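I opened this entry to keep track of what I looked up, from backbone oddities to chain interfaces and cavities.

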Amino acid sequence: MKGQYFAGVDIGSTMTKVVIMDEATLASVIGPTGPEHRKLANRVMEEALGRAKLAFDEITYVVATGYGRINVPFADRQITEISCHARGIAHLLPEVRTVIDIGGQDSKGIKLRDGRAVDFVMNDKCAAGTGRFLEVAAESLGVSLEEMGRLSLEAENRVEISSTCTVFAAQEVVAKLSEGAALADIIAGLHEAIATRIYGMVRRLKIEREVALTGGGAKNIGLVKALEARLGFPALLPPEPLLTGAIGAALLGRDIVKEAEEKGEKLKISPRRLTEATLFT
Amino acid sequence: MPEEVAGGLAAADKYYRDYGSRARELKKGGAKIIGYLCAFTPVEIITAAGLVPFRIKGDVNEPITKADTEMETIVCPLVRSCFDVSLKGKYEFLDGIVIPHACDSISRTYDVWKYTLNLPYSHFIDMPHGTGEPSLDFYKSLLGTFRTSLGKFTGREISDQDLKEAVGLYNQNRAKVRELYQLRKASPPLISGAEVTKLLVAAVSLPVAEATRLIDSVIKEVKQRQAAPAKTARIMVVGAEVDDIAFLDLIEDSGAWVVADDLCPGAREFFADVAVTANPVDGIAERYLRKIKCGRTFREKEGSYDDYLEDRFGHIGRFIKEFKVDGVVLYIYKYCDPYGFDVPAMKSYIESAGAPVLYLEDEYSMSTIGRLRTRIQAFLELIAK
Amino acid sequence: MTEEKKPEEKKKRKTATEAAGKIGPMVKAALAENLRAKEEGKPIAYSFIYSGYDEIIRAMDIVPAWTENYAGICGVKRDAQRFLERAEGENFSRSLCTYALCGLGFDSWREELGEMPPDPPWGGQARPTVMLGSGQVICDPRYKWYQAAQHYMPDVPVYVGGLPYPPYEEDYDYREVQDYYVKYIVEELRGLVEFLEKHTNRKMDWERLSQVVDISDRTWNMISEAYDLRKAVPCPMGTGDAMNTMVPMTFMMGTQEGLDFFKDLYDELKRKIANREGIIPDEKYRLLWGGGLPSWFALTDFNYFNSKGAVFPAEVTYRLVEPVYNLDLPRVSDPLEHLAWRWVRYWTYRHDRARKRPGSTPDVERLIEYIEDYKIDGVVMHEAFSCRSWHPGLIWQLNQLKRVYRDIPSLVLESDIVDISSYNEADTRARIDAFIDTLEAVKSR
């Protein structure tokens with residue numbers, strides 16, 4: 001597989017990630033998604049190629065994943081983020097059996113066996129188990145999203161947030177603040193609430209160790225701690241939690257090419273062109 | 001009487017898309033149309049009365065608006081949708097409504113249906129949940145009351161002969177559907193899951209003999225087909241009622257075939273016949289109470305717990321083998337009691353029967369169905385060999 | 001208001017009657033008795049309240065474990081969430097009955113551990129000998145819940161007996177069908193006896209059953225007469241208390257203790273009326289709780305209503321009896337037949353009355369009867385999001401009431417019976433305030 005390069009493009013609802021790999025990661029780019037997926041995919045891919053110092057037609061195979069995967073015209077294959085996260089973690093942390101991915105607008109649990117996903121659960125309907133929950137709460141509290149995790153660790157007397165609805169929780173949080181509860185205590189309560197929602201969803205898979213946390217949520221130390229408290233044991237974190245899906249996508253691309261070579265099959269490849277996609281195609 | 005549209009899948013499509021068009025024609029010709037919910041309505045008796053049974057259907061593309069003024073939102077979304085489109089005049093040709101005691105969502109909204117639609121005829125069949133002898137006897141009495149009631153409505157008693165003829169027609173109809181299902185066993189199947197559902201939904205909007213002819217014409221048409229492209233997986237869908245093809249399209253657009261089901265309208269409804277009995281009501285009662293396997297019926301446990309699961313879900317295990325099913329999708333609406341409570345037992349049984357399970361909860365609306373795309377695709381990726 | 005949001009047990013709700021105040025200890029004692037009975041090897045039956053089985057269970061000395069009640073206790077103690085989560089973890093949909101979810105979560109946990117879950121509310125719920133469900137009575141969970149629980153306790157047998165009643169229909173009169181309803185119910189009750197004899201080491205004493213049935217008849221009468229006293233102005237007892245007194249009505253039906261309780265309540269209410277003692281000194285609005293189970297963790301809402309001058313002299317919820325002497329029952333010697341007739345006649349009690357008012361139904365007639373007899377100013381309904389038994393139909397009943405009777409002020413509250421995350425206190429209180437304003441406006445016209 002020398003001289004072969006594989007690209008993984010993960011268009012999440014909040015962040016878009018691109019990874020270019022050969023044996024190891026050559027380049028990675030993370031950018032905010034915004035509404036124009038196609039334009040963004042092109043731009044981010046361009047940037048990644050620049051960093052890898054590669055021309056686009058040197059890329060052997062491109063796999064797109066994530067919420068916006070159908071909006072990547074130059075992708076050779078679209079694969080769900082479930083399979084991609086599983087493949088990514090199987091590569092980065094082979095001892096992991098359960099992956100918990102906490103994204104901006106959805107969260108998922110994935111069960112692995114022998115490096116493959118065998119079961120999964122998803123929540124993409126209700127904001128309460130996702131990054132959005134914290135975003136809304138942060139806004140209500142006048143705290144930056146980045147600060148939330150750190151602040152939660154300063155809690156001395158965690159407040160219980162009973163509302164599972166993001167909107168109600170935001171109201172509840174403001175009410176508690178006005179009653180005199182400490183900010184850190186409230187924030188810890190919010191993290192506890194999300195951890196509870198996420199744990200409740202993932203336990204449907206019958207959680208097995210080791211457990212890995214991925215996605216934006218995994219970068220929130222407060223949430224990591226709250227989840228570990230629920231799990232009852234420490235969780236593993238990949239070096240860059242946001243890239244797991246893109247890495248997995250690139251690796252699946254490599255798997256596909258390898259299998260095709262072994263079988264002597266020809267693969268369908270999309271034109272290696274980063275043209276501006278028109279709005280209506 | 002107006003002529004039926006030429007048969008085949010084109011006709012099925014027309015009757016599906018313009019749902020109720022045939023009933024409207026028949027009504028103009030003087031027929032009386034009785035709307036009903038759920039496969040537990042004894043349509044043999046309605047047909048024997050000389051009336052045309054019409055299965056009320058919802059619409060996943062129609063946001064529920066009017067229904068909310070009278071019906072709670074915690075009711076099964078399919079029932080709400082059915083009520084909503086009824087209020088919006090989609091079934092203005094109905095002369096009556098018959099509702100069986102299937103589940104709370106259906107039975108507890110009977111008054112709302114009855115008084116709001118205000119049709120000339122309405123009847124609630126308080127079908128028992130148990131299957132023991134006392135329940136069967138009770139159910140026969142209920143059917144007797146229903147028979148008398150329909151007779152009063154039409155002005156003509158329903159004779160045993162009428163019932164026997166109707167039973168014969170429905171048994172023929174069900175046999176025809178079973179013949180259709182055989183075409184799904186091929187690899188790849190000769191007919192898609194979406195096509196089957198479309199056809200069966202169209203069928204339950206037609207008088208039974210016409211439905212049988214329609215299905216027969218589709219069988220003939222489909223047998224002529226060239227082989228379809230091979231796809232990744234053979235999927236079985238298990239759930240309560242699916243009267244819209246949107247979900248099946250979603251699975252089949254993702255690269256799989258839906259080759260089998262345990263649904264209404266579907267195998268659940270068409271794979272059990274009415275036994276021909278001296279008193280025709282006996283055979284009818286036996287079929288609906290004991291032969292249809294649905295979460296709303298409480299089957300008593302005899303033997304071990306594994307035997308019990310086999311009794312309740314064994315038909316799914318058999319289909320998995322017969323139709324060479326690679327994966328099972330449990331497609332269950334939010335607020336569904338009969339199936340919601342069964343999920344852990346069903347999942348456990350199906351997995352031990354050797355098929356992976358994807359459990360999906362849905363709200364019967366295009367906006368929620370689309371969200372299931374990723375899950376279905378992920379499931380297909382998972383089970384791919 | 002701040003005190004009430006502690007995660008631990010809430011401040012005790014103030015009751016209007018002494019009788020209602022006795023309930024907390026009564027329930028606790030009942031639970032403790034269950035746990036003790038388990039240790040002593042007595043047969044325990046998971047049971048639903050008001051399923052028509054009480055007399056049989058009592059006559060056979062079987063200990064009922066009221067699973068809905070246990071879920072309610074978890075709700076009141078605000079400790080249901082972890083059980084609801086466990087059930088969700090088993091793949092039960094959150095949209096199902098939250099009593100059932102709580103119970104299934106608790107049971108699956110207990111079975112997994114081989115002992116009670118950690119720190120269970122009031123000592124927990126013991127593993128049963130049998131589970132008794134019902135068909136066509138009140139709701140689906142009554143024939144699904146225990147079947148689902150059996151997945152975690154495969155060796156515990158489940159009985160589901162049907163106890164239906166003639167619906168209110170135009171195309172026939174209930175008298176044309178009641179005979180076969182009664183026949184069916186008698187057979188199902190007989191089936192229950194056989195089932196219990198088979199699976200517990202108890203034999204039915206038919207003499208005893210007749211006695212128990214007699215006590216329960218008298219209790220039906222006593223409850224009805226006591227509750228009728230609430231017609232008085234000012235009203236001596238409200239729905240808040242009735243949510244407590246439903247305990248002996250449903251947990252102790254057929255026992256002398258239960259009968260005595262309502263005799264005491266009757267006497268207490270008579271005393272209060274003689275002293276012109278109402279729930280509140282300044283009663284401004286009399287309200288009907290027209291339907292819906294209450295939020296067990298938010299019973300203090302009744303105190304909030306009281307603080308605004310509103311009382312609830314009557315409710316439909318948990319008023320599960322009528323005077324037996326009004327039911328026109330045939331004289332039969334078989335106690336099971338008597339129970340069957342009592343059941344059918346209770347549920348068809350207002351069928352004839354409904355015929356006299358076009359568009360009315362027995363449920364609507366009941367609302368009208370209470371509105372008139374109890375001098376009601378407004379109707380409150382509670383929609384619990386997970387309960388599809390009592391709740392579907394409430395909106396329609398309210399609308400129909402206004403269509404066939406009069407446009408009476410009404411309020412619809414929303415949350416859940418056990419799942420506290422559905423409840424928004426600020427929102428609920430705001431709605432109550434607005435309703436009070438409406439009542440005031442109507443009154444001052």
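I began with the backbone of chain A, at Glu210(A), which sits in the loop between helix H6 (183-202) and strand S9 (211-214). The peptide bond joining Arg209(A) to Glu210(A) is cis, with omega about 0°. I note that the model is predicted, and I read this bond as a feature of that model.

**Other backbone entries**

I looked up a second cis peptide bond, in chain B, running from Cys264(B) to Pro265(B) with omega near -15°. Pro265(B) is in the loop between strand S6 (256-264) and helix H12 (267-270) of chain B. I then turned to phi and noted Asn118(B), which is not a glycine but has a positive phi of about 50°. Asn118(B) falls in the loop between H6 and S4 of chain B. I wrote these residues down because most residues other than glycine have a negative phi, and most peptide bonds are trans.

**Salt bridges**

How many salt bridges does a search of the whole structure find? I recorded 92 over all chains. Within chain A, I looked at Arg150(A) and Glu147(A), whose side chains meet in a salt bridge at 2.7 Å, N to O. Both residues belong to helix H4 (residues 145-152) of chain A and are three residues apart, about one turn of the helix. Between chains, I picked out Lys114(B) and Glu170(C), whose side chains form a salt bridge at 3.5 Å, N to O.

**Chain A against chain B**

I found 17 residues of chain A in contact with 15 residues of chain B. The two chains bury about 1,300 Å² between them, and 45% of that is on carbon and sulfur atoms. I looked for salt bridges across this interface and the count was zero. For polar contacts between chain A and chain B, I have nine residue pairs, both residues at pLDDT 80 or more. On the chain A side, helix H2 (81-92) and strand S8 (116-123) each supply at least two residues. S8(A) gives the largest share of that side, seven residues. By class, I entered the chain A side as six nonpolar, four polar and seven charged residues.

**Chain B against chain C**

Here I found 60 residues of chain B in contact with 59 residues of chain C. The buried area is about 4,800 Å², and carbon and sulfur atoms give 54% of it. Which residues of chain B lose the most area to chain C? They are Arg108(B), Phe298(B) and Phe341(B), which together make up 17% of what that side buries. I counted four salt bridges between chain B and chain C, and 29 residue pairs in polar contact, both at pLDDT 80 or more. The elements of chain B that give two or more residues to this side include helix H7 (133-154), helix H14 (305-322), helix H16 (343-352) and strand S8 (357-362). H7(B) has the largest share, with nine residues. I classed the chain B side as 26 nonpolar, 15 polar and 19 charged residues.

**Cavities**

A search of the whole structure gave me 11 cavities of 30 Å³ or more. The largest cavity holds about 1,000 Å³ of space. I listed 44 residues in its lining, and those nearest the centre are Arg108(B), Asp111(B), Tyr165(C), Trp347(C) and Asp363(C). Elements giving two or more residues to this lining include helix H5 (104-107) and helix H6 (110-117) of chain B, and helix H13 (335-347) and helix H15 (362-373) of chain C. The lining of the largest cavity divides into 22 nonpolar, 13 polar and nine charged residues. I noted Arg108(B) twice, as one of the residues nearest the centre of this cavity and as one of those in chain B that lose the most area to chain C.

The second largest cavity has a volume of about 330 Å³. Of its 29 lining residues, I recorded Cys38(B), Cys103(B), Ile106(B), Ala240(B) and Glu241(B) as the closest to the centre. In chain B, helix H4 (77-87), H5, strand S5 (233-241) and helix H15 (337-340) each supply at least two residues of this lining. By class I have 20 nonpolar, one polar and eight charged residues for the second largest cavity.

How values were computed
Residues numbered from 1 in each chain as written. Chains lettered and ligands numbered in written order. Predicted model: local features only at pLDDT ≥ 70, side-chain atom pairs only at ≥ 80, totals over all residues. Heavy atoms only, no water. 1 Å grid on protein atoms, 1.4 Å probe; cavity = no way out; pocket = protein on both sides within 12 Å on 5 of 7 lines; lining within 4 Å. Points joined across faces, edges and corners; volume = space filled by probe spheres on them. Helix = DSSP H or I, 4+ residues; strand = E, 2+ residues; numbered from the N terminus. Nonpolar A, V, L, I, M, F, W, Y, C, P; charged D, E, K, R; others polar. Contact = heavy atoms within 4.5 Å. Buried area = accessible area lost by both parts, 1.4 Å probe. Polar contact = N/O pair within 3.5 Å; in protein donor to acceptor, adjacent residues only side chain to side chain.
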